[in-house]
Amino acid sequence: MTVSTLIIFGVFAAVFLGLAIWDAAASKKKIVKYKLRSSATAYLMLLPAVLLAFLFILLPILYSLGYAFTDYYLLTPNDIKFIGFDNFKNVFKEIGEKGTLYRAIINTVIFVVGVVPLQIGMALGLALFTNRKVRGVKIFKVCFFAPVVISLSVTSFLWLQILSPSETGLLNSLFGLFGAKPHDWLRDPNTAMLWIIILSAWQGCGYQMLIFTSGLSNIRDDLYEAASLDGANAWQKFRTVTWPGLRSTFVYIIITVFIGACRIMTQPMLMTGYQDHTVTLSYYMYTQGYSYRWVGYSSAVALIMTVVIGTITLIQRRAFREK
Amino acid sequence: MKKKFMQVDGREIPLNNRLTGKKITREVIYYICGVILSMLFLFPILYMIATSTKSEASYAADAGTVAMFLPDFAHLGTMFDNYGSVLANYNIWKYALNSFAYALIVIVLNILVNGLAGYVMAKMHFPGKRLFSALIIFLIIVPVETSIIPLYSIVKIMLGLKKTASVLGIILPASISIFNVFLFMQFFSSIPKEYEEAARLDGSSTIGIFFKVVLPLSKPIVATVAVFCFIGVWNDYLWPSMILPQAGEGEWPLMPIQAALTTIQSMEGITTGEIMASLVITSIPIFIIYVAAQKYIVQGFGSAGLKM
């Protein structure tokens, strides 16, 4: 294990050195000449970052590629066998048999399809709502942004109390006013994902609101003036001025919210635990790799996930690109 | 779109320049909508703060009334009992101290490591520079999140899971951020060469210039990185709970506060009020940071847009 790390590092350093020498040789013909002393200083100053980035960023990516084709079990790191595509076969078998992985995919899709439009819609609405120069707007903005400040784990624990199944829980006591019986929102397969979607949108949308706000502030005022001189109503102004002006902001937001939503894990983990009706892809991957210690299998799931998310992101980028 | 008319200088657009009755109604409706929306966003937080002041009995008594969102003014003397017991019985102050310590170390290391790298990339010429630039762009684009299990296996095997080693496992991975290298790089390249040349004439070394000239000129970016590091470390839940061992009897625990919430939450006999008090305590430093460092956080959001 440690030996393989050293080998990978050695190969990397060698390739890098080769390319660097080639780079230096190529530049002889140009005006820039490298001084040995300052180059050495440069490498020395880069060293901590390079070492840490290699160990904690690059190596995990490479390993997760490699592990996906092995039967790596966390407790036996010295007994790793290459097993080809067996992990991937197991992944598709698990999906075909409608096992936990199948549920995880369904739940993740439900979450993404629910939270992306909800969160972005709320953020855009709030940004438009607060985009006026009147007194008190700043206070509104602070209120809408407040949930972002709270961490995901605090949010989860807080909503765990709000959705508590006892009749003193916030939601049950409110519904109790109308005579409803206490309900276990998070154990009910029909409502658990819905509430996770709602609380995630509640927690996150203030952040996108701020990004939309800065996008709105880049739209020139005279465009609106021109539109109103042409007799445009509020909706027409939104369609012809605001929307085109927000386009690049919108693409950025839709991609970041989408990627974030695909990774959802903390909320189900802390609120319901590993249950079939709330398990998500990241949570499944984490449980397989960390709790059950099947690193190889977990890496295969991660690899598929990265490829799928990456592809969808690319398609989104293409689809929303300006024509 | 009333303000647009107000900004039209010199020109008169008669209908909108006077406060007509219709306009006042619209203003009032706007503020009412604003207050309702704000309440929708604030009610869980109000509920959290209010409940943290209540004993189990008054919590149950308030259920279903407006008093759910109000602190327990009826029992002024015992309002902060939950905070007292969380601090005394559940050691939450130790976890909070841990979080502060981790955050401080990570901030210092993060600025040093990524700042030095950003400086080299922005200002120095050396063979292989284009390679590093390409690597930086590649690592910013690739989604790294899915590699947490391999990262765990690397940290576990390299450092072992002994106490000191697992603390390093918290600090070291958090100290490198390619995105921060990129931020520093952007900022440093805007510093005019003359500053460094003047210092070089005075006989400073490159590293001396970095610490004495470049860093002091870069307070805004240093502050932004520091604030985001603090928020990141303070709010991190998953990674610490993966790699840190549970504390034995009578030992100082290693968990930072977020990860410790799970432990506190599942203590026997803990009341709803005490849970809420621990959540409030966990959130207070982040609230303070957001209020105090607003300027730098907005700058950070601006640079987040750069990421595309």
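Okay, let's start with how chain A is divided. The domain assignment splits chain A into domain 1, residues 2-67, and domain 2, residues 91-320. Their C-alpha centres are 39 Å apart. Chain B gets two domains as well: domain 1 covers 2-84 and domain 2 covers 90-267. In chain B the C-alpha centres of those two domains sit 38 Å from each other.

Before I go on, please keep in mind that this is a predicted model. So, how confident is it? The scores are ipTM 0.85 and pTM 0.85. Chain A has an average pLDDT of 86, with 95% of its residues at 70 or more. Chain B averages 84, and there 89% of the residues score at least 70.

Element by element, helix 1 of chain A, residues 2-27, has the lowest mean pLDDT in that chain at 75, and helix 4 of chain A has the highest at 94. In chain B the low end is helix 1, residues 2-7, with a mean of 46, while helix 5, residues 92-123, tops the chain at 94. There's also a stretch in chain B, residues 11-17, where pLDDT stays under 50. The model has five contacts beyond four places in sequence for that stretch. Where pLDDT is low, the predicted coordinates should not be read in detail.

Now the overall build of chain B. Its secondary structure is 16 helices and zero strands. Of its 308 residues, 36% count as buried. If you take the contacts in chain B between residues at least 6 apart in sequence, 72% of them join residues at least 24 apart.

Next, how the two chains meet. On the chain B side, 75 residues are in contact with 80 residues of chain A. That side of chain B is made up of 51 nonpolar residues, 20 polar ones and four charged ones.

Two helices let us look at this in detail. Take helix 6 of chain A, residues 152-162, where nine of the eleven residues are buried. Those are Leu152(A), Ser153(A), Val154(A), Thr155(A), Ser156(A), Phe157(A), Leu158(A), Trp159(A) and Gln161(A). What covers them? From chain A, the cover includes helix 8 (192-217) and helix 11 (266-271). From chain B, it includes helix 2 (21-51), helix 14 (257-265) and helix 15 (272-292).

Over in chain B, have a look at helix 7, residues 148-159. With twelve residues at 1.5 Å each, the helix should span 16 Å, and its end C-alpha atoms are indeed 16 Å apart, so the two agree. The run from Ile148(B) through Ile149(B), Pro150(B), Leu151(B), Tyr152(B), Ser153(B) and Ile154(B) to Val155(B) is buried. Those buried residues pack against helix 2 (36-67), helix 12 (281-291) and helix 13 (295-320) of chain A, plus helix 8 (163-175) and helix 13 (238-243) of chain B.

On to the core. The largest nonpolar core holds 146 residues. Which residues have the most contacts inside it? They are Ala49(A), Ala53(A), Ala123(A), Val181(B), Cys229(B) and Phe230(B). Phe230(B), leaving out residues up to four places away in sequence, touches Ala103(B), Ile107(B) and Ile289(B).

A quick stop at Glu196(B), which is in helix 10 of chain B, residues 193-201. Is Glu196(B) buried or partly exposed? It has 19 other C-beta atoms within 10 Å and buried takes 20 or more, so Glu196(B) counts as partly exposed. Outside its neighbours within four places in sequence, Glu196(B) contacts Ile209(B) and Val213(B). Lys212(B) is 16 residues away from Glu196(B) in sequence, and their C-alpha atoms are 9.8 Å apart.

Last thing: two backbone oddities in chain A. Most residues other than glycine have a negative phi. Lys98(A) has a positive phi, near 55°. Lys98(A) is in the loop between helix 3 (86-96) and helix 4 (100-129) of chain A. With 10 other C-beta atoms within 10 Å, Lys98(A) is exposed. The other one is Arg293(A), with a positive phi of about 65°. Arg293(A) sits in the loop between helix 12 and helix 13 of chain A. Arg293(A) has 17 other C-beta atoms within 10 Å and is partly exposed.

Conventions
Residues are numbered from 1 along each chain as its sequence is written. Chains are lettered from A and ligands numbered from 1 in the order in which they are written. This is a predicted model: local features need pLDDT of at least 70, side-chain atom pairs count only at pLDDT 80 or more; totals for chains, interfaces and linings use all residues. Domain bounds come from an automatic or database domain assignment. pLDDT is the predictor's confidence in each residue, from 0 to 100. Helices (H or I, at least four residues) and strands (E, at least two) are DSSP runs, numbered from the N terminus. Two residues are in contact if their C-beta atoms, placed from the backbone, lie within 7 Å. The expected span of a helix is 1.5 Å times one less than its number of residues. A residue is buried if 20 or more other C-beta atoms lie within 10 Å of its own, exposed if 12 or fewer, and partly exposed in between; C-beta atoms are placed from the backbone. A nonpolar core is a set of buried Ala, Val, Leu, Ile, Met, Phe, Trp, Tyr and Cys residues joined through C-beta atoms within 7 Å. Ala, Val, Leu, Ile, Met, Phe, Trp, Tyr, Cys and Pro count as nonpolar, Asp, Glu, Lys and Arg as charged, and the others, Gly among them, as polar.
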